[in-house]
Amino acid sequence: MKNITFKQSINRAGLYLGLASLLVVPSACNESFLDTDPQGKESGSVFWQNQEDATKAVNAMYANLRGWNNLAFAPIAVESVGSDETEKGSSASDATFFNEYDSFTVGSGDGQLGGFWEGQYQNINYANQVLGNIPAISMDETLKARYIAEAKFIRAYSYFRLVRAFGAVPLRLALPVDASEYNLPRTPKTEVYAAIEKDLTDAAAVLPQTYGPADLGRITKGAALTLHAKVSMYQQKWQQVFDLTTQVIASGQYALFSNFEQLFRIKNENSTESIFEIQNELITSIEGASGSQYSQVQGVRGSTGGGWGFNVPTAALASAFETGDPRRDGTIIFRGETTPDGDAIPAIGDNPMYNQKSYVPFKLFNTAFGEGAQQNVRVLRFAEVLLMNAEAANEIGNSTQALASLEKVRARARGASTTILPKVTTTDKVALRNAIWHERRVELAMEYDRYFDVIRQGRGTEVFGPKGWKAGKNEVWPIPQNEIDLSAGLLTQNPGY
């Protein structure tokens with residue numbers, strides 16, 4: 001009998017996304033794999049009975065991370081196109097609402113704000129369902145503890161995305177008992193961050209360092225520590241960032257993948273550099289719940305096996321790389337090039353560049369599914385751990401360690417060359433900080449970090465001001481007006497919107 005891997009099981013979990021006790025139906029998922037036939041799905045009233053139910057619920061929680069509002073238009077709008085490294089892409093007349101995020105003219109009624117909000121609170125609802133129901137199930141106690149820890153990580157991950165995007169947000173850490181608990185006000189940012197940190201501390205104390213092949217892709221201790229470090233970085237808790245990243249480095253579980261461009265290809269998913277990836281697999285027998293649209297929406301427009309062509313690199317990003325840096329070609333697909341996997345990109349088309357990190361070779365396109373449906377999404381990588389360690393070390397006055405961690409990232413990019421990407425040697429705190437920020441820009445480009453990186457660095461006006469960004473307003477996006485209306489005004493709007 002063939003063993004079912006975790007990656008396959010979360011595809012099957014899509015069939016359980018209709019459980020009455022689990023589902024919060026998104027309002028804008030017409031293109032999403034969540035639109036599956038509800039026939040044969042179990043009623044919530046007979047669920048949460050045994051270990052098998054617990055496993056299904058946890059797998060469904062993972063599966064939801066691949067949904068439209070988690071990986072497609074909404075996060076592109078909220079987490080990417082406001083930056084200087086991306087712009088809308090596609091044809092000029094298609095999905096023009098993205099331009100309002102690029103120019104910081106978006107209003108609170110735009111649907112992508114609501115989609116992003118729904119996507120994150122749907123993840124939180126799944127996590128809270130697990131946390132509220134699994135403790136009472138009679139099952140293996142070690143597995144139970146691990147499932148609870150996985151749910152806490154996912155809840156923390158979604159709250160981190162929310163607090164970066166909107167600031168203070170409603171903090172729901174348990175299932176509502178009655179109607180009086182449905183409508184919550186916004187919770188101050190400091191309290192949201194504290195809840196995120198507690199979840200990640202709890203998760204790291206329980207989660208294993210590694211899994212066997214059948215569970216490859218599940219959340220690990222290293223993932224909880226890494227996300228905790230990133231959350232701490234956004235609060236400028238530099239000693240904590242340093243300590244957490246040092247713990248991840250010292251674990252010996254991770255190493256930089258030798259080839260930067262190939263790191264993002266399907267054959268190298270869950271590599272030694274991977275700390276957390278959203279798992280996708282195309283299983284032809286589960287057409288309604290297989291794969292994601294992350295690659296499809298960003299793929300090369302006009303090429304069979306490509307995609308829709310949104311969220312494309314800017315000329316500013318292309319020019320940000322140092323001369324000869326191979327990460328430039330590993331990050332950007334240029335019109336007229338032939339990719340390392342042999343795909344000839346037409347010289348004429350709607351956009352001069354596309355995201356190579358989301359690229360799936362055209363030969364892997366299955367016409368019964370979306371382009372690139374099988375590609376995992378890299379969320380946390382060891383390279384970022386090293387860069388967070390470098391930034392924290394510099395901020396606490398340890399330039400020697402900062403330079404050592406920074407050099408590891410540059411050395412991987414440099415490869416065997418002796419003429420590119422020279423070692424950074426400055427010990428001046430400001431100059432070294434700028435060098436580390438530059439390295440984050442080119443190493444993590446097109447990975448949905450640049451926009452919030454610049455804001456946390458206090459450089460919003462400097463970098464985004466020419467696009468219309470205004471201090472005192474654009475540090476956060478507007479709260480979706482529909483959510484304010486549904487709350488009967490209990491939710492308040494961010495200043496300036």
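1. Let's start with a helix pair: H14 and H16 run roughly antiparallel to each other, a label given to angles over 145 degrees, while those under 35 count as roughly parallel, 65 to 115 as roughly perpendicular and the rest as oblique. Their packing angle is about 165°, and 10 Å separates their axes. Here an axis is a line fitted to C-alpha atoms, for helices over the stretch in contact, and angles run from 0 to 180 degrees between N-to-C directions. Helices (H or I, at least four residues) and strands (E, at least two) are DSSP runs, numbered from the N terminus.

2. A word on what you are looking at. This is a predicted model, in which local features need pLDDT of at least 70 and side-chain atom pairs count only at pLDDT 80 or more, while totals for chains, interfaces and linings use all residues. Residues are numbered from 1 along each chain as its sequence is written, and side-chain values use heavy atoms, with hydrogens and water left out.

3. Back to that pair. H14 passes H16 in a left-handed crossing, meaning that the near helix is turned anticlockwise from the far one by less than a right angle (clockwise would be right-handed). Among the residues that meet are Leu387, Met388 and Glu391 from H14, and Leu432, Ile436 and Trp437 from H16; contact means heavy atoms within 4.5 Å. By class, the contact of H14 with H16 has seven nonpolar, one polar and eight charged residues. For these classes, Ala, Val, Leu, Ile, Met, Phe, Trp, Tyr, Cys and Pro count as nonpolar, Asp, Glu, Lys and Arg as charged, and the others, Gly among them, as polar.

4. H14 has another partner to look at. Helix H9 (residues 221-234) packs with H14 at an angle of about 40°, their axes being 11 Å apart. That angle makes H9 oblique to H14. The crossing of H9 and H14 is left-handed. On the H9 side you will find Thr226, Ala229, Lys230 and Met233, which meet Glu384, Val385, Met388 and Glu391 in H14. The residues of this contact divide into four nonpolar, one polar and three charged.

5. Now for the charges. Side chains of opposite charge can pair when their charged atoms come close. How many salt bridges does the structure hold? There are 38 salt bridges, each one a side-chain nitrogen of Lys or Arg within 4 Å of a carboxyl oxygen of Asp or Glu.

6. Try finding Lys357 and Glu447 on the model: their side chains meet in a salt bridge (2.6 Å, N to O). Lys357 lies in the loop between strand E5 (353-355) and strand E6 (377-381), and Glu447 in the loop between helix H16 (429-443) and helix H17 (450-456), so the pair ties together parts that are 90 residues apart in sequence. Both Lys357 and Glu447 are buried, a word for under 20% relative accessible area, with exposed meaning over 50% and partly exposed in between (1.4 Å probe, protein chains only).

7. Glu391 appears again here, in a salt bridge with Arg456 whose closest N and O atoms are 2.9 Å apart. Since Arg456 lies in helix H17 and Glu391 in helix H14 (residues 382-395), the pair ties together parts that are 65 residues apart in sequence. Arg456 is buried, with a relative accessible area of 12%, and Glu391 counts as buried at 2%. Elsewhere, salt bridges that share partners join Glu273, Glu322, Asp325, Arg327, Lys357, Arg381, Arg410, Arg412, Glu439, Glu443 and Glu447 into one network.

8. Within that network, Asp325 forms a salt bridge with Arg327, with 2.9 Å between the closest N and O atoms. Are these two residues buried or exposed? Asp325 is buried, with a relative accessible area of 5%, and Arg327 is buried at 0%.

9. Two backbone angles deserve a look. Most residues other than glycine have a negative phi. Phe104, although not a glycine, has a positive phi of about 60°. Phe104 sits in the loop between helix H5 (98-102) and H6 and is buried, with a relative accessible area of 6%. Ala488 is not a glycine either, and has a positive phi of about 55°. Ala488 belongs to the segment after helix H19 (481-486) and is exposed, with a relative accessible area of 72%.

10. Last, visit Ala127 in helix H6 (residues 111-133). At 0% relative accessibility, Ala127 counts as buried. Leaving aside its neighbours within four places in sequence, Ala127 is in contact with Met61, Ala151 and Arg155.
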